[in-house]
Amino acid sequence: MHKKLVILFVINFPVFSLALNRGEKCTTPNGETATCQAINNCHVIKNAVVKREQGAKEFARKSLCGNDTQPLVCCGKVAKLYEKHCTTPNGEPAKCVPASICSIILNAIVSRDKDAVEFARSSQCGHGNEGPMVCCGSEAYPLRTNLLPNRTVCGIDKSDERIYGGTITEIWEFPWMALLRYNHNDSGSDAGFNCGGTLINSRYVLTAAHCVSLGSYAEFYLASVRLGEWRISTDRDCVGSAILECAEPVIDLNIEEKIIHPKYARRKGENDIALLRLEKNVKFSDYIQPICLPVRESPDPSLESEMYAVGWGRTENYMKSDYKLKVKLPIVTRAACNNIRGNNETIGVDRICAGGERGKDSCYADSGGPLMGSFTGENVKPRYYQEGIVSRGTGCGIVSFPGVYTRVAKYMDWIIENLKSF
């Protein structure tokens, strides 16, 4: 009898479009890391549906992760939706769930790191039948300084590819992007935008050292920073026909201080990171917001499959783009990247390799821009974290030659040490 009930329920599942296979990792509606399985093999969901437990059918629908001979569900430890909202110690809106299913906190406290343990303690939001509850967001470690924005404002993207082979962004996407303007040395006249960067708080922009430390042979110098840009050629950015949606005017700011990593080596591309302190604080808006930085050294980004690059650099037409573009790039393992680059350059743990697909890459004038990872889950809003800074490459969009990016997480101590109060 029970088996028939489950089969009837399975038949009524909507058509599912994701392509996960049995045994692949997935995330449950409660944010628990679990495995994609056939529903009839997932006893926790199957039993909840058979017993007609409150919310079981809705949980099963939200747990769908694929389809082969029968629907597949993300099968974790519980089959109950947790809807109580909370705020993590880092200010991130999330949901209050049993600690036993909050994988990001559980994985962090296994090492008994005192910061992780304290964060878990501060994240407690109640006690239920399954034990203690925690506010389960995208992080398990506290912010290390109040000079970087908390998770109420940074890295938020409203959408549900410099970009060589990229696509045009929405007018409001990636509001942390900055353009670096240069002037000619001889005349002081405008030399255009030739690098990118990211706003990391209301006063500082993060970029590549080679965009700031120009050789004596350079014909121009870094003069200012532009924020809030989408289409460079227009005075005011607008989209739509019958009803226009217009961005706020761009902001051009002088640079109060240029901070280059003291061990930057131009020839080898090592420590290719710099900070720009703007002349005044920036007011955040829908079109100007900071990106999130890692709270501490993150796991090896080679474990991630893909990340995003954004910018206005050279396109497949060999012209710099008028529009802000985005591209999704595959992450290349450090071993594979070193094998490709040979003995000329060693890529260490301070850098990331990405790209290597025909027609998709970051390119000239994207330098200094971000390589971004995203965190999505049922408990939190989608959020971007800057994992890399566009540093160097071999051509643009050349097959099997990934670009090289400075790994931001390895430089968090340096970044924090060089931030001054506003």
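Strand E11 and strand E12 (residues 204-207) run antiparallel and are joined by 2 bridges. Strands here are DSSP runs of E with at least two residues, helices are DSSP runs of H or I with at least four residues, and both are numbered from the N terminus; two strands pair if DSSP finds at least two bridges between them. The model is predicted, so that local features need pLDDT of at least 70 and side-chain atom pairs count only at pLDDT 80 or more, whereas totals for chains, interfaces and linings use all residues. Residues are numbered from 1 along each chain as its sequence is written, and side-chain values use heavy atoms, with hydrogens and water left out.

Within the pairing of E11 and E12, Thr-198 stands opposite Leu-206, and the hairpin that connects these two strands passes through 4 residues. E11 also pairs with strand E10 (residues 177-184), in the antiparallel sense and over 7 bridges. In this pairing Tyr-182 faces Gly-192 of E11. E10 and E11 likewise form a hairpin, with 5 residues between them, and Gly-188 in the turn has a positive phi of about 80 degrees. E11 itself, spanning residues 190-199, is mostly covered, with 8 of its 10 residues buried. Buried denotes a relative accessible area under 20%, exposed one over 50%, and partly exposed the range in between (1.4 Å probe, protein chains only).

The loops around these strands contain further residues of interest. Glu-219 is placed in the loop between E12 and strand E13 (220-227). Is Glu-219 buried or exposed? Glu-219 counts as exposed because its relative accessibility is 58%. Its C-alpha atom is separated by 5.7 Å from that of Asn-185, although the two residues are 34 residues apart along the chain. Leaving aside residues up to four places away in sequence, Glu-219 touches Asn-183, His-184 and Asn-185, where contact means heavy atoms within 4.5 Å.

Backbone geometry comes next. Most residues other than glycine have a negative phi, and most peptide bonds are trans. Phe-174, in the loop between strand E9 (167-168) and E10, has a positive phi of about 50 degrees although it is not a glycine. Phe-174 counts as buried, because its relative accessibility is 1%. Asn-271 is likewise not a glycine and has a positive phi of about 55 degrees; it lies in the loop between strand E16 (251-260) and strand E17 (274-278). With a relative accessible area of 14%, Asn-271 is therefore buried.

Turning to lower residue numbers, strand E1 (residues 25-27) and strand E2 (residues 33-38) run antiparallel and are joined by 3 bridges. Cys-26 stands opposite Ala-34 in E2. Their hairpin has 5 residues between the strands, and Gly-31 takes a positive phi near 85 degrees there. E2 is also joined, by 4 bridges and again running antiparallel, to strand E4 (residues 71-75), where Cys-75 is the bridge partner of Thr-35. Ser-63 belongs to the loop between helix H3 (56-62) and strand E3 (64-67). Ser-63 has a relative accessible area of 1% and is therefore buried. Apart from residues up to four places away in sequence, its contacts are Pro-29, Ile-45, Leu-72, Val-73 and Cys-74.

An open sheet of 4 strands follows, with the order E5-E6-E8-E7 and antiparallel pairing. Its edge strands are strand E5 (85-87) and strand E7 (124-128), each of which pairs on one side only. The twist averages 40 degrees from one strand to the next, with axes as lines fitted to C-alpha atoms (for helices over the stretch in contact) and angles running from 0 to 180 degrees between N-to-C directions. E7 and strand E8 (residues 131-136) run antiparallel and are joined by 4 bridges, and Gly-128 has Gly-131 of E8 as its bridge partner.

Finally, the interior contains cavities. On a 1 Å grid over the protein atoms alone, a cavity is a set of points where a 1.4 Å probe fits but cannot get out, and lining residues have an atom within 4 Å of a point. Grid points are joined across faces, edges and corners, and a volume is the space filled by probe spheres set on the points. The largest cavity has a volume of about 90 Å³. Of its 13 lining residues, Leu-143, Leu-148, Pro-294, Val-295 and Met-412 are the closest to the centre.

Notes: 1 Å grid on protein atoms, 1.4 Å probe; cavity = no way out; pocket = protein on both sides within 12 Å on 5 of 7 lines; lining within 4 Å.
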